[in-house]
Amino acid sequence: MNRRRPDGIDPVARSRARRRALQAIYAWQMTGTKADEIIAQFAHEQAHEVADLVYFEDLVRGVARHQADDLDPALTPFLDREIEQVDAIERAALRIAAYELRHRLDVPYRVVINEAIESVKRFGAEHGHTYVNGVLDRAAAQWRAAEAAAAAKGKR
C-alpha cells in the first residue's frame, strides 16, 4: 500500500521521524552530545524503522542550531516556568514543534501540534500533553497567525 501523498511525503514515515527526533533531542539535552553524533547513534535504528531520515536529521540539526538564539526565547512568553524547568520530554517536544512552526512553514501548524501531543502522550508524563498543547496553541496563534485565522474561519 502506498501511503505517500501527491507531494511525495509519507506521513507515517514523518511521524516516525518525529518520534525518533524526540528521543534524539532528549538525549542531546541530557548529555550535551553534538547533534551529528546523536544523529549517527540514531541513524542505524532509524533506517530499520522506515522513517524519513532526511526529516529526522533536519529536525535534530534545526533544534540544535536554533535552540539558544531562536526557539527557547520564542517559547518563553508561552511558558509558566523557565524552559530548563520544563520536563525533559515536554521540552524536547516543544523545541521540535517550535522549530517546525518557525522554520518548516511547509508543515501545517495543526500537524505540528498534533504530532507533538501524540509524542508526549507516548513518551511523556501522564498529563504532559495538555501542557504542550496549551503552549503550542498559543504559540501557533502568534507565529502562524494567518494560517490559524484561515483555519478558524473555515470552522464557521
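**Stop 1: helix 4 and helix 6**

Select helix 4 (88-103) and helix 6 (128-143), and you will see helix 4 pass helix 6 in a right-handed crossing. This is a predicted model, so keep that in mind as you look around. The two axes come within 10 Å and cross at roughly 20 degrees. Angles under 35 degrees count as roughly parallel, so helix 4 is roughly parallel to helix 6.

Now show the side chains where they meet. On helix 4, pick Glu90, Leu94, Ala97, Ala98, Leu101 and Arg102. On helix 6, pick Gly128, Tyr131, Val132, Val135, Leu136, Ala140 and Trp143. Try colouring this contact by class: you should find 10 nonpolar, 1 polar and 2 charged residues.

**Stop 2: leucine 94**

Stay on helix 4 and centre the view on leucine 94. Which residues does leucine 94 touch, leaving aside its neighbours within four places in sequence? Four of the names belong to the helix 6 list you just selected: Tyr131, Val132, Val135 and Leu136. Leucine 94 is also in contact with Leu75, Leu79 and Val86.

**Stop 3: the nonpolar core**

Leucine 94 is also a good way into the largest nonpolar core, which has 49 residues. Leu94 is among the residues with the most contacts inside this core, along with Phe56, Val60, Leu75, Leu79, Leu136 and Trp143. Show the seven helices numbered 1 to 7, and you will have elements that each supply at least two residues of the core. Which helix gives the most to this core? That is helix 4, with 9 residues.

**Stop 4: helix 4 and helix 5**

Keep helix 4 on screen and add helix 5 (109-123). Their axes come within 10 Å and cross at roughly 165 degrees. Angles over 145 degrees count as roughly antiparallel, so helix 4 is roughly antiparallel to helix 5. Here, too, the crossing is right-handed.

To see the contact, select Ile89, Glu90, Ala93, Ala97, Glu100 and Leu101 of helix 4. Then add Tyr109, Val112, Ala116, Val120 and Phe123 of helix 5. By class, this contact has 9 nonpolar, no polar and 2 charged residues.

**Stop 5: histidine 127**

Follow the chain on from helix 5 and you reach histidine 127, in the loop between helix 5 and helix 6. Is histidine 127 buried or exposed? Turn on the surface to look: its relative accessible area is 54%, so histidine 127 is exposed. For a distance exercise, pick the C-alpha atoms of histidine 127 and phenylalanine 42, which are 85 residues apart along the chain and separated by 27 Å.

**Stop 6: helix 1 and helix 3**

Next, select helix 1 (11-31) and helix 3 (53-75). Their axes come within 8 Å and cross at roughly 35 degrees, and helix 1 passes helix 3 in a right-handed crossing.

In helix 1, show Arg14, Ala17, Arg18, Arg20, Ala21, Ala24, Ile25 and Trp28. They meet Tyr55, Phe56, Leu59, Val60, Val63, Ala64 and Gln67 in helix 3. Colour them by class and they divide into 11 nonpolar, 1 polar and 3 charged. You have already come across Phe56 and Val60, at the core stop.

**Last stop: valine 12**

Finish in helix 1 with valine 12. Valine 12 has a relative accessible area of 33%, so it is partly exposed. How far apart in space are valine 12 and asparagine 114? The two are 102 residues apart in sequence, and their C-alpha atoms are 13 Å apart.

How values were computed
Residues are numbered from 1 along each chain as its sequence is written. This is a predicted model: local features need pLDDT of at least 70, side-chain atom pairs count only at pLDDT 80 or more; totals for chains, interfaces and linings use all residues. Side-chain values use heavy atoms; hydrogens and water are left out. A nonpolar core is a set of buried Ala, Val, Leu, Ile, Met, Phe, Trp, Tyr and Cys residues joined through side-chain atoms within 4.5 Å. Buried means under 20% relative accessible area, exposed over 50%, partly exposed in between (1.4 Å probe, protein chains only). Contact means heavy atoms within 4.5 Å. Axes are lines fitted to C-alpha atoms, for helices over the stretch in contact, and angles run from 0 to 180 degrees between N-to-C directions. Angles under 35 degrees count as roughly parallel, over 145 as roughly antiparallel, 65 to 115 as roughly perpendicular and the rest as oblique. A crossing is left-handed if the near helix is turned anticlockwise from the far one by less than a right angle, and right-handed if clockwise. Ala, Val, Leu, Ile, Met, Phe, Trp, Tyr, Cys and Pro count as nonpolar, Asp, Glu, Lys and Arg as charged, and the others, Gly among them, as polar.
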